[in-house]
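Got the viewer open? Here is a walk from one selection to the next, with a note on what to look for at each stop.

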Amino acid sequence: MKTLGYYNGKIAELEEMTVPMLDRACYFGDGVYDVAVCRNHRTFALEEHLDRFMNSCKLLHITPDHTKEELAELVAGLLAKMDSGDQLVYLQYSRGSALRNHTFAADMKPNLWIMIKPLTLQKEPKPLRCMTMEDTRFFHCNIKTINLIPNVLAAQAAEDRGLDECIFHRGNEITECAHSNVSILKGGVLLTHPTDNLILPGIARAHLIRACRALGIAVKERPFTLEELFDADEILVTSTTKLLCPVVELDGKAVGGKDQKNLAALRSYVWEEYERETN
Ligand code: PDD
C-alpha cells in the first residue's frame, strides 16, 4: 500500500477512509495522538512514543483497549503492508463515539485511528528560517473552535461532583463557564466580562445585555473577581440551550438570591422574546 488508514480494525488507503460523525474527535477534538517515524519497516523509538501515548490517554481519562505490546504488534503488521519501509506513523485514540454532550460516560469504548504515510528523514536537513510569536495557545476562547478539551474536562469534573456547570477564573478574574457565559447582578447593575479573546461572545449573553437595556438595568462590560462572584446579588449563566439561568450554589456555598425582582424580569424578558420569535 502507498498510504494506510486504520480505524477500529478497518484498513484502506487513507483517501478511502472515513470516520463516523459521532466520533468525539470530530466535534470536540477529544482525543490524543502520537507520531513516530519508521525506516526500513522499523519504527524508531516506538517504546517511548507508546509510553507517551499511553500517558496522554491516562491524563485525559481515556481507557485504551490495547496494551502497548498489542499496539506495537499492530503497527508492525500494518507497516509490513507498505510498499516503502520509510513512513510516518500517526496513532490516535479518540474518547469514543456518542451524541454530542460535553460530559462522557466513564466506560466509553475508545476509537483507535492509525495513519501511515511516506516520509524519509534527511541526513542533512535544510537549515530553518523562522519568526517569533507570543505564545497565545489557550487564549483563543473567542473562537467557537471544536478543540474543547479543557471545557470537556471541566464539564465532566462538575458532573462528577453532581453539579451542573463549572465557572472558570484566570487568577482572580472570572471569564466564562465550561459551556456557557456568566454575568452577575450587583446593586442593580449587570457586570459581565467584555468580549475579548478570553470568552466566547455568547448569543444568549448578548440577548441578556439587550434585555437589561430594555428594562433599564445598567450594564458594565468589565471583568469581575471571584470575590465579586461570591458576593453577587445574582449570578446569571447564559447559553443557547438554557437562555438565562440563576446560580444558587457555588463551591458548596449558597449564592445569589438577593435580586429576585430583576432576575424574574430578565428571565421573563428573554423567555418571551424566545417564544415570540419561535411562534
Ligand atoms: N455552548 N461559552 C462557551 C465556552 C460555550 O461553549 C457556550 C455555548 C457559550 C454560550 O454561547 P451561546 O450563548 O452563543 O450559546 C459560552 C454551547 C451551547 C455548546 O457548546 O453546546
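Start with His41, in the loop between β3 and β4 (42-43). Keep in mind that this is a predicted model. Colour by accessibility and His41 comes out partly exposed, with a relative accessible area of 36%. Now show what is around His41: setting aside neighbours within four places in sequence, its contacts are Leu79, Ala80, Met82, Ser84 and Gly85. Zoom in on Leu79, where the backbone oxygen sits 3.1 Å from a polar atom of the His41 side chain. For a sense of scale, draw a C-alpha to C-alpha distance from His41 to Val75: the two are 34 residues apart in sequence and 10.0 Å apart in space.

Next, select Asp86, in the loop between α3 (68-79) and β5 (87-94). Which side chain of opposite charge is nearest to Asp86? That would be Arg39, at 5.3 Å, and Asp86 has no salt bridge even though it is buried. The cut-off for a salt bridge is 4 Å between a side-chain nitrogen of Lys or Arg and a carboxyl oxygen of Asp or Glu, so a pair at 5.3 Å does not count. What does the Asp86 side chain reach instead? One partner is the backbone nitrogen of Asn40, at 3.3 Å. Another is the side chain of Thr120, in a polar contact at 3.5 Å. Widen the selection to everything touching Asp86, leaving out neighbours within four places in sequence, and you pick up Cys38, Arg39, Asn40, Pro118, Leu119 and Thr120.

Cys38 is in that set, so pause on the cysteines. Cys38 is buried, at 4% relative accessibility. How many disulfides does the structure hold? The count is 0. Take Cys26 as a case: its nearest cysteine sulfur belongs to Cys57 and is 17 Å away. Cys26 is partly exposed, with a relative accessible area of 30%.

Time to go inside. Select Tyr6, Leu78, Leu79, Tyr93, Leu112, Ile114 and Ile116: of the 23 residues in the largest nonpolar core, these touch the most other members. The elements giving two or more residues to this core are β1 (4-7), β3 (31-39), α2 (46-59), α3, β5 and β6 (111-118). Click on Ile114 and list what it touches beyond four places in sequence: Leu4, Gly5, Tyr6, Leu74, Leu78, Val89, Tyr90 and Leu91. Apart from this core there is another, of 15 residues, which include Ile167, Phe224, Val247 and Val255.

Now for the charged pairs. The model has 12 salt bridges. Go first to Asp34 and Arg52, whose closest N and O atoms are 2.7 Å apart. Asp34 is in strand β3 and Arg52 in helix α2, so this pair ties together parts that are 18 residues apart in sequence. Is Asp34 buried or exposed? Asp34 is buried, at 2% relative accessible area, while Arg52 is partly exposed at 49%.

Move on to Glu221 and Arg205, which form a salt bridge at 2.6 Å, N to O. This one links distant parts of the chain: Glu221 belongs to strand β11 (residues 218-221) and Arg205 to helix α5 (residues 203-215), 16 residues apart. Here Arg205 is buried, with a relative accessible area of 5%, and Glu221 is partly exposed at 39%.

Then select Glu228 and Arg222, a salt bridge with the closest N and O atoms 2.9 Å apart. Glu228 is partly exposed at 25%, and Arg222 is partly exposed at 32%. To finish with charges, show Arg24, Asp30 and Arg95 together: they are linked in a network of salt bridges.

Last stop: backbone angles. Select Phe138, in the loop between β6 and α4 (149-160). Its phi is near 70 degrees, a positive value in a residue other than glycine, and Phe138 is exposed, with a relative accessible area of 64%. Then jump to Leu243, in strand β13 (residues 243-247). Leu243 also has a positive phi, about 60 degrees, although it is not a glycine. Its relative accessible area is 19%, and Leu243 counts as buried.

Terms used:
Residues are numbered from 1 along each chain as its sequence is written. This is a predicted model: local features need pLDDT of at least 70, side-chain atom pairs count only at pLDDT 80 or more; totals for chains, interfaces and linings use all residues. Side-chain values use heavy atoms; hydrogens and water are left out. Helices (H or I, at least four residues) and strands (E, at least two) are DSSP runs, numbered from the N terminus. Buried means under 20% relative accessible area, exposed over 50%, partly exposed in between (1.4 Å probe, protein chains only). Lys and Arg count as positive and Asp and Glu as negative; His and the chain ends are not counted. A polar contact is a pair of N or O atoms within 3.5 Å; within protein, one must be able to donate a hydrogen and the other to accept it, and residues adjacent in sequence count only if both atoms are side-chain atoms. Contact means heavy atoms within 4.5 Å. A disulfide is a pair of cysteine sulfur atoms within 2.5 Å. A nonpolar core is a set of buried Ala, Val, Leu, Ile, Met, Phe, Trp, Tyr and Cys residues joined through side-chain atoms within 4.5 Å.
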